[in-house]
Amino acid sequence: MQQVLCPQCGAPVKFTSAASVMAVCGACRSTLLKDAESVRRIGEMAEVLEDYSPLCLGAAGTHDGKRFDIIGRIQLRFDDGFWNEWYLWFEDASDGWLSDASGQYAVTRRRKVKTTQGMPAFEDIAPGDELKLDGQRFVAADVRACLAGGAQGELPFVPGDGWQAKVADYRSLDAFLTLDFSDGPQPELYIGRAFDLSAMQAGSLRSNEQVEETAGRFRGQIKALDCPNCGGPISFVAAMATHVVCPSCAAAVDCSGPTAEVIDKAHKVKAIRTTLSLGAVAKLEGTSYTLIGLMKCADPDPEEPSSWIEYLLFNPVKGFVWLVETDEGWERVQVCDTWPSLNNATSVRWRNRLYQKLYDYTSRVEVALGAFNWRVKVGDSTRITDYKVGTLKLTRELGDAELGWSAAVPVSPAQLAQWFGAPELAKQKAMPAGPKPGGYRKWAKAALIGMVFLNFNNIFSGRFIPVLIGMAFLWLPALLADKLSGEDD
């Protein structure tokens, strides 16, 4: 470790990693560049937006059996939001990155390859594209060009004015692959996998009190904001919501800076009826979640139009949960940390179960109100594919820059009423339960008994082969249907 005094203010600044070429002075925000003989000031780095993340400089954890320390952070911003990349220094004197985006985490480390020939150009990559590396199939999940919104601590490069990160993230089960085009047309490769914060030393993470000291507010505290457009009250989650939509005038408000700014005005709010209201609190598995945002979405198919309401719930420690209300009932939805694998053109496998494709459709945002961890805009469209096994559902969501998977389970009205402490919700329509185990064979068995009864004379007179063929045509499709629906595991 090398420690120097900041040439601007005299405060001590540490260089922990031999790979670090710059550090940000924690006292005056000066950017210090390290070369072979000296450390010099080259400017001032922008502040990062303190968000709800429990990670911080100095936090420690383990990955692949090796201890690491968080020594730096760069915040990457794009039009619809931002995420954090934490710079890691391992005990074996190697480095890596911990991606921190909306409560999902992944550790990646640079992978040296002999050649990047055959790799796609950044401009040619689209979400859903496939790439094979060492025989493993990866799918493009996120393709973005971002700007550095601020930095802390040490970094292995200098994100100067106008520095742009061009990155394409790929997924395969729990594996992550990043192609980084920031330094030119040939990408640097980083590979790793999803990361659970249980691998962090709990005592090194930020507590609510520490967040209050550094950010001036509790992580996830619900605060009130007067809409800069109409003056109406808005409830939003401090240190989490970079974008809120005013329930009164539907103006889009950017809360990522020191003051809230209107970035998109709306003159008329489309009236919608929702079962749940912004600010409602639910208790799921002993944890309190606050309903911070809601969207009305619709499928614009002229032949089979449909609409539904999506509710975003948030807890500072547990993160995000979605509740979806359709005319068929309710579902609880969470983003998949581990992705399914493709089985064939009409099915995928996830957690050792085979999900069959149901249908493709489009989801378009018609109304958005409240706080979100990305910028939601009316008219945003996502291409959806649903897969199902029994009553469980997987959803593939494909947008212009992002591909994601989520898992849904049905929620009964009684369960909903218990979560929100509202007995009247128990009167809501229940989600269809789906076929019972062996349900198709049950009906086939009843039909077989009827067939035997009607052909009793034919069987005992020796004309039983046509009857057996008919019985096979009844039983085999029923058996196959039960297997495909996951009811015969």
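In this predicted model, strands β7 (residues 66-78) and β8 are paired in the antiparallel sense, with ten bridges between them. Within that pairing, R73 has W86 of β8 as its bridge partner. On to the next strand: β8 also runs antiparallel to β9 (residues 95-101), this time through six bridges. Here Y87 is matched with W97 in β9. The hairpin of β8 and β9 has four residues between the strands, and A93 takes a positive phi there, near 70°.

Strand β8 itself (residues 81-90) is mostly covered, with ten of its ten residues buried. G81, W83, E85, Y87 and W89 point one way from the strand, while F82, N84, W86, L88 and F90 point the other way. Both sets are buried, and that includes the two bridge partners already met, W86 and Y87.

Helix α2 (residues 413-420) is a good place to look at sidedness. Its buried residues are P413, L416, A417, W419 and F420. Viewed down the helix axis, these fall within an arc of 160°, so they line one face of α2. The general background is simple enough: an α-helix has 3.6 residues a turn, so residues three or four places apart point the same way. The face turned away from the buried side carries the exposed residues A414 and Q418. As for what the covered side meets, the buried residues of α2 pack against β21 (281-284), β23 (306-315), β24 (319-326), β25 (329-335) and β31. Right after the helix comes G421, with a positive phi near 60°.

The helix turns up again in the largest nonpolar core, which has 23 residues. The members that touch the most others are L276, Y311, L313, L323, L416, W419 and F420. At least two residues of this core come from each of β21, β22 (287-299), β23, β24, β28 (353-372) and α2. The top contributor is α2, with four residues. In general, nonpolar side chains tend to be buried together in soluble globular proteins.

L323 gives a close-up of that packing. Leaving aside residues up to four places away in sequence, L323 touches L276, I309, E310, Y311, L313, W330, E331, R332, L416, W419 and F420. The helix residues L416, W419 and F420 are among these contacts, and they are also among the buried residues of α2. Apart from the largest core lies another, of 18 residues, among them V253, I292, C297 and W308.

Next, the charged pairs. Side chains of opposite charge can pair when their charged atoms come close. The count for this model comes to 14 salt bridges. One of them joins R110 and E188, whose closest N and O atoms are 2.7 Å apart. R110 sits in strand β10 (residues 104-111) and E188 in strand β15 (residues 188-194), so this pair ties together parts that are 78 residues apart in sequence. R110 is partly exposed, at 48% relative accessible area, and E188 is partly exposed too, at 26%.

A further salt bridge brings together the side chains of R144 and E402, at 3.0 Å from N to O. R144 belongs to strand β12 (residues 136-155), whereas E402 lies in the loop between β30 (392-398) and β31 (403-411), so the link spans parts 258 residues apart in sequence. R144 is buried, with a relative accessible area of 14%, while E402 counts as partly exposed at 42%. The pair also belongs to a network of salt bridges that links D142, R144 and E402.

The pair K393 and D386 has its side chains meeting in a salt bridge at 4.0 Å, N to O. K393 counts as buried at 15% relative accessibility, and D386 counts as buried at 1%.

Finally, a glycine towards the start of the numbering. G10 is placed in the loop between β1 (2-5) and β2 (12-15). At 38% relative accessibility, G10 is partly exposed. Its C-alpha atom is separated by 9.1 Å from that of A27, a residue 17 places away along the chain.

Note on methods
Residues numbered from 1 in each chain as written. Predicted model: local features only at pLDDT ≥ 70, side-chain atom pairs only at ≥ 80, totals over all residues. Heavy atoms only, no water. Buried < 20%, exposed > 50% of the residue type's maximum accessible area, 1.4 Å probe, protein only. Arc of directions from axis to C-beta. Contact = heavy atoms within 4.5 Å. Pairing = 2+ DSSP bridges. Core = buried A, V, L, I, M, F, W, Y, C linked by side-chain atoms within 4.5 Å.
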